[in-house]
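Colleague: I am new to this model. Please pick one part of it, go through it closely, and then show me what lies around it.

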Amino acid sequence: MTTLLKPLRRIAAYAVCADSSGRVLLVRASERSGTPGAWSLPGGAVDHGEDPNHTVVRETAAETGLSVAVSGLVDVLADMRALPDRGITIHTDRLIYRVAVRGGTLADRVGERPTDLARWYTLDEARELPLRSFTARALGLPASSADVVPDEAPEFPSFYAVPGPDGLHRAQRFAAYAVCTDPAGRVLLTRISDGYPGAGCWHLPGGGTDYGEQPGAALIRELIEETGQAGRLVELLGVASHRDAASLGPEGYPIDWHGVRAFYRVVVDQPNPLTVADVGGSTCEARWFGREELGALPTDRLTEVTAEAVQAAQLT
């Protein structure tokens with residue numbers, strides 16, 4: 001029964017790397033891993049405070065011996081897998097990047113964990129391998145059965161802080177946000193309530209994803225809860241990584257926060273009256289801004305991810 005397994009969450013970054021012949025770089029999970037013998041994209045967990053761009057470069061070098069440069073974001077997806085022999089089930093938010101090799105020599109890691117082999121494969125060859133499900137999806141190949149999927153999503157708190165090595169509580173959170181426009185070209189923003197980090201600043205609609213939830217589905221849900229608008233997901237724009245080393249919120253004590261946030265372009269075809277359903281929560285107001293109004297807002301009135309996403313969407 002996977003419902004009895006201890007739930008964990010993590011954020012990870014992976015590399016889609018192709019050579020001049022179109023072969024892709026894959027690594028094999030070692031016998032000391034949770035999925036021995038399964039093949040996947042090189043990559044691994046994002047350390048606290050680490051930019052995922054750096055994660056994918058660091059992990060690819062460690063697992064393959066190759067130095068790579070990130071050229072773009074391919075996809076963001078989430079999945080759950082059960083590891084009954086370890087008594088855990090894991091939700092992983094996976095950031096998939098396109099990379100190119102800068103140098104180095106392909107090397108194996110026999111006897112190490114979590115991977116032991118690194119190889120180049122054509123897509124036809126990869127199709128015959130026991131691929132991790134996220135790897136098959138990233139490569140456009142049929143879904144693999146290498147992962148054991150839990151029976152159902154377990155209960156897991158949206159806020160989860162643990163003591164760090166310095167004694168300060170730390171929390172790493174994955175969230176999804178919407179750069180949301182209507183047919184008139186207005187941009188929808190929400191204002192952060194008093195008592196929350198960034199109080200009074202304008203923010204993108206969205207928020208933390210639930211355990212087992214895909215980021216796109218999460219932001220559409222959050223958009224309704226925070227603004228009353230039904231949106232249509234158009235495209236992934238990017239991922240922002242920000243750290244606040246001593247954030248103060250309703251918990252009443254400093255927390256070393258690391259937020260990794262995917263942001264998407266979303267269109268509201270038929271705007272509804274603006275409503276904030278979660279009264280007393282982190283959002284106190286929702287408002288449509290014309291392009292000129294948005295451009296006139298002082299930088300310190302916008303959250304970091306909002307300023308970054310609006311620029312990426314070329315709205316100002």
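Modeller: Leu26 stands opposite Arg119 in β7. Start from that pair. This is a predicted model, where local features need pLDDT of at least 70 and side-chain atom pairs 80 or more, while totals for chains, interfaces and linings use all residues. Residues count from 1 along each chain as its sequence is written, and side-chain values use heavy atoms, without hydrogens or water.

Leu26 belongs to β2, which covers residues 24-29. Strands here are DSSP E runs of at least two residues, and helices are H or I runs of at least four, numbered from the N terminus. β2 and β7 are joined by 6 bridges and run antiparallel. Two strands pair if DSSP finds at least two bridges between them. On the other pairing, β2 meets β3 through 2 bridges, again antiparallel. There, Val27 faces Ser40 in β3. β3 itself takes in residues 39-40.

Put the two pairings together and you have a sheet. It is open, has 3 strands, and reads β3-β2-β7, paired antiparallel. β3 and β7 (115-121) are the edge strands, each pairing on one side only. Strands of a sheet pair through backbone hydrogen bonds, either parallel or antiparallel.

How well covered is β2? The strand is mostly covered, with 5 of its 6 residues buried (under 20% relative accessible area with a 1.4 Å probe, protein chains only; over 50% is exposed, in between partly exposed). A helix lies here too. α1 lies across β2 and β7. Its direction makes about 70 degrees with β2 (fitted C-alpha axes, N-to-C, on a scale from 0 to 180). α1 covers residues 52-64.

Now follow α1 to another sheet. This one is open as well, with 4 strands in the order β4-β1-β6-β5 and mixed pairing. β4 and β5 are its edge strands, and each pairs on one side only. Neighbouring strands in this sheet are turned by 20 degrees against each other on average, direction ignored. α1 packs on this sheet too, touching β1, β4, β5 and β6 (contact is heavy atoms within 4.5 Å). Its direction is at about 90 degrees to that of β5. So what does α1 touch? It lies across β2 and β7, and it packs on β1, β4, β5 and β6.

Look at one pairing inside the 4-strand sheet. β1 and β6 run parallel and share 12 bridges. Val16 is bridged to Arg98 in β6. β1 spans residues 6-17 and β6 spans 88-104.

From there, go to Thr209. Where does Thr209 sit? It is in the loop between β12 (206-208) and α4 (215-227). Thr209 is buried, at 5% relative accessible area. Setting aside neighbours within four places in sequence, its contacts include Arg9 and Asp93. Phe174, Ala175 and Ala176 are also among them. Pro215 and Ala218 complete the list. Arg9 falls within β1, and Asp93 within β6.

Last, visit Val267, in strand β14 (residues 255-267). Val267 is buried too, with a relative accessible area of 17%. Beyond residues up to four places away in sequence, it touches Thr181, Ala230, Gly231, Arg232 and Val234. How far apart are Val267 and Glu152 in space? Their C-alpha atoms are 31 Å apart, with their positions 115 residues apart in sequence.

To return to the start: β2 is the middle strand of β3-β2-β7, and α1 lies across it.
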